[in-house]
Amino acid sequence: MNAHPQDAPSQTPAAPDALGTSAAQARSAELEKLITEDPGKFRILTGDRPTGRLHLGHYFGTLHNRVRLQDLGVELFVIIADYQVLTDRDVADDLKTHVEELVLDYLAIGVDPERSTVFAHSAVPALNQLMLPFLSLVSVAELNRNPTVKDEIAHSRQSAVSGLMFTYPVHQAADILFCKANLVPVGQDQLPHLEITRTIARRFNDRYGDGTPVFPRPEALLSEVPLLLGTDGTKMSKSRGNAIALAADADETARLLKGAKTDSERHISYDPATRPEVSSLLLLAALCQGSSPEEIAAGIGSAGSAALKKTVTEAVNEYLAPIRARRAEYARDRAELRRILRAGNERANAVADATLAEVRAAMNSDY
């Protein structure tokens, strides 16, 4: 691990506390350049909640970018946020299986457990101890008006909001700051979450830092996330049954894509505004083939939606073939899978213990 991953590159100024989307995009372009020049200066925290199988939307949205950054030489921490699904009884009842499946997906796409740290939230006690001092640094009003929390609550289908869900942004701040990550890949909708983390880091440093910052103020790395719709034409989602899972086999993929929603126009064209379903399928094929949606559309022409679905199915199955093969290989040895997770947990615990010791010293509670 880097000796001082929290030290942001000095040749550019730190981002302001509240970044608008355009400013965040401009800063992300700068960060990409700095990553290429010196990847060792960056430590990234990213991860997922174990709520079901990861799918193509996840892959092209975030997963392949994690592997890209890892391969560039950035230090990568990948958290399996199992504590954050305790509000979902259906998931919590079979949590071990969901966690193992998530690890399988990570390994299959190319996350290297020798270079990156994959760990479970619940297995790192020192990380969770950071929650208490962090909660003292934010107000109820700040949590209440966080737009991401509002969205989580709106989609939770729960009759009452638990305290765990309400404190989700502080939980996430602990996830990011325990390892002193200075870079977090996020979508535009997650910027408010990161602002809470930056606020907590700044307030902790101001109150306890004694002139020496304890925590970095992590920056957002925005990437262009392709808008892939589910097979029913709505947002691709685990819970809606409209996504193609990375674990799906070729036959299941063909069946799902055969039933994908298109439109009645025979000539195939890329027009996301007026033909969203057709355009989403074209984009998916283009991402898998490394071409443009317009090129895919031109190749299909007036052959209709059946030809479009055939093209997409072939492209997806060819692209996923090596990922599926690696997944099947790892799945044959569940003991090795658990060993990899334990090793990641041990590394994460060493980092978290060191951070908590530093926090206690800063707070004069190291007795």
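**Helices, a covered strand and three loop residues**

Helix H2 is followed by Gly73, which has a positive phi, near 115°. Good morning, colleagues. The model under discussion is a predicted one, and I shall begin with the helix that precedes this glycine.

H2 covers residues 56-72. Its 17 residues, at 1.5 Å each, should span 24 Å, and the distance between its end C-alpha atoms is 23 Å, so expectation and model agree. The helix nevertheless contains a kink of about 40°, and the centre of that kink is Thr62. Which residues of H2 are buried? They are Leu56, His58, Tyr59, Phe60, Gly61, Leu63, Asn65, Arg66, Val67, Leu69 and Gln70. You will notice that this list includes Arg66 and His58 as well as Leu63 and Val67.

I turn now to the strands. Strand E2, residues 75-80, pairs with E3 in the parallel sense, over five bridges. Within this pairing, Ile79 stands opposite Phe119 of E3. How many residues of E3, which runs from 116 to 120, are buried? Five of its five are, and the strand is accordingly described as mostly covered. The cover extends to both faces: Ser116, Val118 and Ala120 are buried on one side, and Thr117 and Phe119 are buried on the other.

Beyond E3, in the loop that leads to helix H5 (125-129), we find Val124. Val124 counts as buried because its relative accessibility is 0%. Its C-alpha atom is separated by 8.7 Å from that of Asp353, although the two residues are 229 apart along the chain.

Next, I would draw your attention to a pair of helices. H10 comprises residues 168-177 and H11 residues 191-208; their axes come within 9 Å and cross at roughly 65°. H10 is therefore roughly perpendicular to H11. As to handedness, the crossing of these two helices is right-handed.

Finally, two residues other than glycine deserve a comment on their backbone angles. Lys180 has a positive phi, near 55°, and is placed in the loop between H10 and strand E4 (183-186). Asn364 also has a positive phi, of about 55°, and is likewise not a glycine; its place is in the segment after helix H16 (334-362). Are these residues buried or exposed? Lys180 is buried, since its relative accessible area is 7%, whereas Asn364 is exposed, with a value of 62%.

That concludes my presentation, and I thank you for your attention.

Terms used: Residues are numbered from 1 along each chain as its sequence is written. This is a predicted model: local features need pLDDT of at least 70, side-chain atom pairs count only at pLDDT 80 or more; totals for chains, interfaces and linings use all residues. Side-chain values use heavy atoms; hydrogens and water are left out. Buried means under 20% relative accessible area, exposed over 50%, partly exposed in between (1.4 Å probe, protein chains only). Helices (H or I, at least four residues) and strands (E, at least two) are DSSP runs, numbered from the N terminus. Two strands pair if DSSP finds at least two bridges between them. The expected span of a helix is 1.5 Å times one less than its number of residues. The bend at a residue is the angle between axes fitted to the seven residues ending there and the seven starting there. Axes are lines fitted to C-alpha atoms, for helices over the stretch in contact, and angles run from 0 to 180 degrees between N-to-C directions. Angles under 35 degrees count as roughly parallel, over 145 as roughly antiparallel, 65 to 115 as roughly perpendicular and the rest as oblique. A crossing is left-handed if the near helix is turned anticlockwise from the far one by less than a right angle, and right-handed if clockwise.
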